[in-house]
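Me: I'm new to this one, so could you walk me through it? I'll ask short questions as we go.

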Amino acid sequence: MSRAGDRGRAPARWLGTGLLVEKVDNTVTLIILGVVGGVIGLLVFVLLLKKFIAFILKKTREKKECLVSSSGNDNTENGLPGSKAEEKPPTKV
C-alpha cells in the first residue's frame, strides 16, 4: 500500500544480506563534486601557467644580458654612468 507521505521516496531494494538499501538520487552531490574539482583544477592550471610564464621571462632576460655583455661595447670611452673605466690620474704638465 502506498501512503500519502511516501510519494517522494525512492523504492527500497533488498540485498539479501539483511540490509534494506534505498536508491538515492546523487545528482546534487555529483554537481557539487564537479564544481569543487573544476575549481581545484583551474587553480592548479593557473599556478602552473604562472610558473611557466615566469620561467620564460627569466630565460629571455638571461639571453638579453648575455648578448649585451658579449657585444664588445663596454662604454669606457664615452664616460656613460656605470661604465667600467678606471679613473686615470691627472697628467702633470
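Me: Where is Asp 25 found?
Reply: First, this is a predicted model, where local features need pLDDT (the predictor's confidence in each residue, from 0 to 100) of at least 70, side-chain atom pairs count only at pLDDT 80 or more, and totals for chains, interfaces and linings use all residues. Residues are numbered from 1 along each chain as its sequence is written, and side-chain values use heavy atoms, leaving out hydrogens and water. Helices (H or I, at least four residues) and strands (E, at least two) are DSSP runs, numbered from the N terminus. Asp 25 sits in the loop between strand S2 (20-22) and H1.

Me: Is Asp 25 buried or exposed?
Reply: Buried means under 20% relative accessible area, exposed over 50%, and partly exposed in between (1.4 Å probe, protein chains only). Because its relative accessibility is 64%, Asp 25 counts as exposed.

Me: Which side chain does the side chain of Asp 25 make a polar contact with?
Reply: A polar contact is a pair of N or O atoms within 3.5 Å; within protein, one must be able to donate a hydrogen and the other to accept it, and residues adjacent in sequence count only if both atoms are side-chain atoms. At 2.7 Å, the partner of Asp 25 is the side chain of Thr 27.

Me: Which element has the highest mean pLDDT?
Reply: Going from the N terminus, the chain runs β-β-α. Strand S1 (residues 12-14) has the lowest mean pLDDT, 71. The highest, 89, belongs to H1.

Me: How many of the 93 residues, as a percentage, are buried?
Reply: Take Phe 55, in helix H1 (residues 27-69): its relative accessible area is 46%, so Phe 55 is partly exposed. For the protein chain, the buried share is 0%.
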